[in-house]
Amino acid sequence: MPFGFGSPPSDSGAIVIPPAINLTSWDDMCVERGGITGVILIAILVFYLAAHYHILISEGSYLKTVTSPLYDHDKPNQTKFRRFMLTLEKMFVLPFVPKEVDSMVMWMFMWFIAITIPMAVTRYYDSRWAHDLITLQGPLNLISYYVFGCESFNLTAIPYSEVVDEAPPRYPPPPKEDKWGRMDYFFSYHLGIGIIWLFVGFIQIYKAQEGGWSLTPKTNWKAHRAFGRVAIVIVCAHICMMAIMTNENPVNQHPIILFGYCGMIFRSVRHVYLGVKYAREAAKTSPRRVPNQTVEQRNEHRFNRRKHEMYMFYVYARTTVGSGTIRVAAWALWLVGQYLKPETRVIIDRGACQTYSEQGIGDATDCWKPVYINLMFTDLNVLWMEVLFITMENRLADLVPASRKLLEAEKTKKRSALEQQVILTFPSIFLCLYDPDVERWIQTSNLPYFLGFILENLAEFSAILWYIIVHFSDEIRDFLEDHVYDPIDRFYMSTVKSYIKTFYILDEDEDEHVKEE
């Protein structure tokens, strides 16, 4: 990448990347670029987590309300890795588990909409696309300025485009030569449909509770089903827009990043399909369709409803990453990057890389590493929300045995996914950070071509492996179980076994006939 080895010289005409903030210098921490805000944030998080951790350890009342956390707190002789993951669960999962899914979705919607709107405001007033951090960094800047008398950070983290003079036509999109107009065209539709889905998905999930649309159960069910059709159309339009953006690639993302986007689209489509499938199954076994239900039919209906609720929450969490989780991850990496050297900052902070890339603002081909690292932490953030949902669902006392078994299986999946990401993420980041040094070393050494090619592309290989394991492994396994293993098993049970039984009976009849003779 162009700036993998440091910022350009000051006499080159390019903008020089500011040096790292020195934690031991009050001038750096307070006067120049407001670095004290990072210390304030860390102090708030440490205090909050320490208070919750003290409550969990001293009282244990919170643990008693969670019937099935990811890790067994009472199981003896656990490995060091499991004990480490158990500590992470106590500190970062249990203190945040909500009581009900509607309250969780409400906070998600409020948080996501608050950090998404500034992007639209920036486009309207500044005529450019940029990810502004006024919602995330603004409160910390106020504390830094009014309490400590320090200056503030610049609130623009990721610039995507330069100034767009005029709005492009609605249809068709501008030609590929018009870089900023083309970006404006696709970003406008993507942001517009994304905000609509953020709102509609929140309404559909929030109103899914009893009495959400009406106090009459029949009217409430009809309203939920009718509005659900609207929500499905909008989320399908949102996913289609994601696919179009991936195909058009207006910001010129690297093929590795496009491969990751395809995995996100694949998972979203599958979750939408499963959510609709189990909604139809639940409707077939509902008390309105089957008035005199048996216990098995009632349990089947509640089981299908639980699966529908679970998959639609996954859809909402996965398809709104561009509104919330990806921005939180980008902000955290941007804030950490202020304390790192320029050559390291451009590898983890996509804003710094895209700003100072030789290709110009908005061209992300040479900045695939910070985008990849951003997406890794984004996926961890989404997985964290899914773990909160599973832990919250396991609290419910009215779960039927099939639903309890389902949530136990999901708990095992999420635990496996979490362990995979913890094991894979940090080595992959390490390879990305040291990739420029490896490339420089290969250029000065006389290695065989094949070995040099492998060493030079270790970061790329690790990124592809991470995407395959994270985005495709569970989906491929579930697809094989649903469409390959289960049909084979049913075919065996219905056909092969019946043939075996038939031949066995014929053999017995022949034996009896021989005995009679």
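Is R123 buried or exposed? R123 counts as buried, because its relative accessibility is 16%, and the cut-off for buried is under 20%. Keep this residue in mind as we walk through the structure, which is a predicted model.

Let us start with the whole chain. The protein has 517 residues, and 46% of them are buried. Its secondary structure comes to 17 helices and 2 strands. If you look at contacts between residues at least 6 apart in sequence, 73% of them join residues at least 24 apart. On the outside, the chain exposes about 27,300 Å², and carbon and sulfur atoms supply 63% of that area.

Now back to R123, and to the pairing of charges. Side chains of opposite charge can pair when their charged atoms come close. The structure holds 8 salt bridges. R123 takes part in one of them, with D184 as its partner and 2.7 Å between the closest N and O atoms. This pair links distant parts of the chain, since R123 sits in helix 5 and D184 in helix 7, 61 residues apart. D184 has a relative accessible area of 1%, so D184 is buried too.

Helix 7 also carries R182, which forms a salt bridge with E248; here the closest N and O atoms are 2.3 Å apart. Because E248 lies in helix 8 and R182 in helix 7, the pair ties together parts that are 66 residues apart in sequence. Are the two partners buried or exposed? R182 is buried, with a relative accessible area of 10%, whereas E248 counts as partly exposed at 27%.

Further along the chain, D435 and K369 form a salt bridge, with their closest N and O atoms 2.6 Å apart. D435 belongs to helix 15 (residues 401–443) and K369 to helix 14 (residues 368–393), so this pair ties together parts that are 66 residues apart in sequence. Both D435 and K369 are buried. Elsewhere, salt bridges link R318, D379, E386 and K414 in a network.

Next, turn to charges on the surface. Which residues form the positive surface patch? They are R225, R229, R280, K284 and R289. Helix 8 (217–248) and helix 9 (255–284) each supply at least two residues of this patch. R289, for its part, is found in the loop between helix 9 and helix 10 (295–319). With a relative accessible area of 46%, R289 is partly exposed.

There is a patch of negative charge on the surface as well, where D165, E166, E177 and D178 gather. One of these residues, E177, has its place in the loop between strand 2 (156–159) and helix 7 (179–206). E177 counts as exposed because its relative accessibility is 71%, and the cut-off for exposed is over 50%.

For a last stop, return to helix 5 (residues 101–126), where you will find S103. S103 is partly exposed, with a relative accessible area of 24%. How far apart are the C-alpha atoms of S103 and I205? They are separated by 9.9 Å, while the two residues are 102 residues apart along the chain.

Definitions and conventions
Residues numbered from 1 in each chain as written. Predicted model: local features only at pLDDT ≥ 70, side-chain atom pairs only at ≥ 80, totals over all residues. Heavy atoms only, no water. Helix = DSSP H or I, 4+ residues; strand = E, 2+ residues; numbered from the N terminus. Buried < 20%, exposed > 50% of the residue type's maximum accessible area, 1.4 Å probe, protein only. Contact = heavy atoms within 4.5 Å. Areas by Shrake-Rupley, 256 points an atom, 1.4 Å probe, with all protein chains shown as cover. Patch = residues over 30% accessible without salt bridge, like charges linked within 9 Å, V, L, I, M, F, W, Y side chains within 5 Å. Salt bridge = Lys/Arg side-chain N within 4 Å of Asp/Glu carboxyl O. Lys, Arg positive; Asp, Glu negative; His and termini not counted. Charge placed at Lys NZ, Arg CZ, Asp CG, Glu CD.
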